[in-house]
Amino acid sequence: MCGIVGVWQLDGRAVNPVAAEAMRDELVHRGPDDAGLWTEGSLSLGHRRLSIIDLSEAGRMPMASPDGEIRAVFNGEVYNFQALRSELKAEGHQFWSESDSEVVLRAYEEWGVECFDRFNGMFAVAIWDARDERMVLARDVAGQKPLYYAYRPGEWLLFASTLAP
């Protein structure tokens with residue numbers, strides 16, 4: 001189990017990094033092994049990690065594509081990630097970790113939102129795509145991994161894998 005959180009200030013205001021860190025740390029019970037946070041301008045992605053697959057630093061999140069244009073936080077497991085990894089390697093993708101999280105990131109790079117149709121597993125993911133200036137939130141079809149969000153048009157989008165107590 002891991003935890004993901006995020007803030008996107010749609011009105012362009014800067015995210016308060018202290019508030020983003022506090023949001024992330026509300027999920028310590030979901031991921032006591034590690035914590036990651038990326039905040040830049042009006043965006044913030046946070047992650048609490050329970051290390052299961054790829055315990056190395058390479059498996060830390062938020063993860064970024066090599067060009068930094070795509071960032072992701074992920075909770076769950078993609079059972080067929082090894083097969084997808086092989087397919088992506090054949091397409092020229094290089095991997096620096098052994099994690100299914102990186103496969104999710106690379107799959108989005110290759111196939112866009114259609115990548116979710118290829119995943120066999122339970123997951124909740126948030127992907128910031130700077131190329132299109134869009135946030136993609138997705139979860140498994142059965143909803144085994146929850147993903148909650150609050151949205152105020154023109155102002156903000158907040159999301160988390162757990163509601164605060």
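1. Contact between helix 2 and helix 3. In this predicted model, helix 2 contributes Phe81, Leu84, Arg85, Glu87 and Leu88 to a contact with helix 3, where the partners are Asp100, Val103, Arg106, Ala107, Glu110 and Trp111. Sorted by class, the residues of this contact comprise 6 nonpolar and 5 charged ones, with no polar residue.

2. Geometry of the helix pair. Two packed helices are described by the angle between their axes and the distance between the axes. Helix 2 spans residues 81-90 and helix 3 spans residues 100-111; they pack at an angle of about 45°, and their axes lie 10 Å apart. Angles of 65 to 115 degrees would count as roughly perpendicular and those under 35 degrees as roughly parallel; helix 2 and helix 3 are therefore oblique to each other. Their crossing is left-handed.

3. The four-stranded sheet. Strands 4, 5, 6 and 7 form an open sheet in the order 4-5-6-7, and the pairing is antiparallel. Strand 4 (63-64) and strand 7 (134-139) are the edge strands, each pairing on one side only. Helix 3 packs on this sheet and touches strand 4, strand 5, strand 6 and strand 7. The direction of helix 3 makes about 125° with that of strand 5. Helix 3 thus appears in two settings, in contact with helix 2 and packed on the sheet.

4. The pairing of strand 5 with strand 6. Strands of a sheet pair through backbone hydrogen bonds, either parallel or antiparallel. Strand 5 (residues 70-78) and strand 6 (residues 121-129) run antiparallel and are joined by 9 bridges. One point of reference for the reader is Phe74, whose bridge partner in strand 6 is Val125.

5. Asp129. This residue lies in strand 6. Is Asp129 buried or exposed? The relative accessible area of Asp129 is 0%, and the cut-off for a buried residue is under 20%; Asp129 is therefore buried. Setting aside neighbours within four places in sequence, the contacts of Asp129 are Glu69, Ile70, Tyr108 and Arg134.

6. Pro66. The loop between strand 4 and strand 5 holds Pro66. Pro66 has a relative accessibility of 65%, and because exposed means over 50%, Pro66 counts as exposed. Which residues does Pro66 touch, not counting those up to four places away in sequence? They are Trp96, Arg106 and Glu109. Pro66 and Arg106 are 40 residues apart in sequence, and their C-alpha atoms are 10.0 Å apart in space. Arg106 is also among the helix 3 residues that meet helix 2.

7. The hairpin of strand 8 and strand 9. Strand 8 (residues 148-152) pairs with strand 9 (residues 156-160) in the antiparallel sense, over 5 bridges. Within this pairing, Tyr149 stands opposite Phe159 of strand 9. The hairpin has 3 residues between the strands, and Gly154 takes a positive phi near 75° there.

8. The protein as a whole. The protein contains 3 helices and 9 strands, which follow the pattern β-α-β-β-β-β-α-α-β-β-β-β along the sequence. The protein has 165 residues, of which 49% count as buried; Asp129 is one of the buried residues. Among contacts between residues at least 6 apart in sequence, 55% join residues at least 24 apart.

Conventions
Residues are numbered from 1 along each chain as its sequence is written. This is a predicted model: local features need pLDDT of at least 70, side-chain atom pairs count only at pLDDT 80 or more; totals for chains, interfaces and linings use all residues. Side-chain values use heavy atoms; hydrogens and water are left out. Axes are lines fitted to C-alpha atoms, for helices over the stretch in contact, and angles run from 0 to 180 degrees between N-to-C directions. Angles under 35 degrees count as roughly parallel, over 145 as roughly antiparallel, 65 to 115 as roughly perpendicular and the rest as oblique. A crossing is left-handed if the near helix is turned anticlockwise from the far one by less than a right angle, and right-handed if clockwise. Contact means heavy atoms within 4.5 Å. Ala, Val, Leu, Ile, Met, Phe, Trp, Tyr, Cys and Pro count as nonpolar, Asp, Glu, Lys and Arg as charged, and the others, Gly among them, as polar. Two strands pair if DSSP finds at least two bridges between them. Buried means under 20% relative accessible area, exposed over 50%, partly exposed in between (1.4 Å probe, protein chains only).
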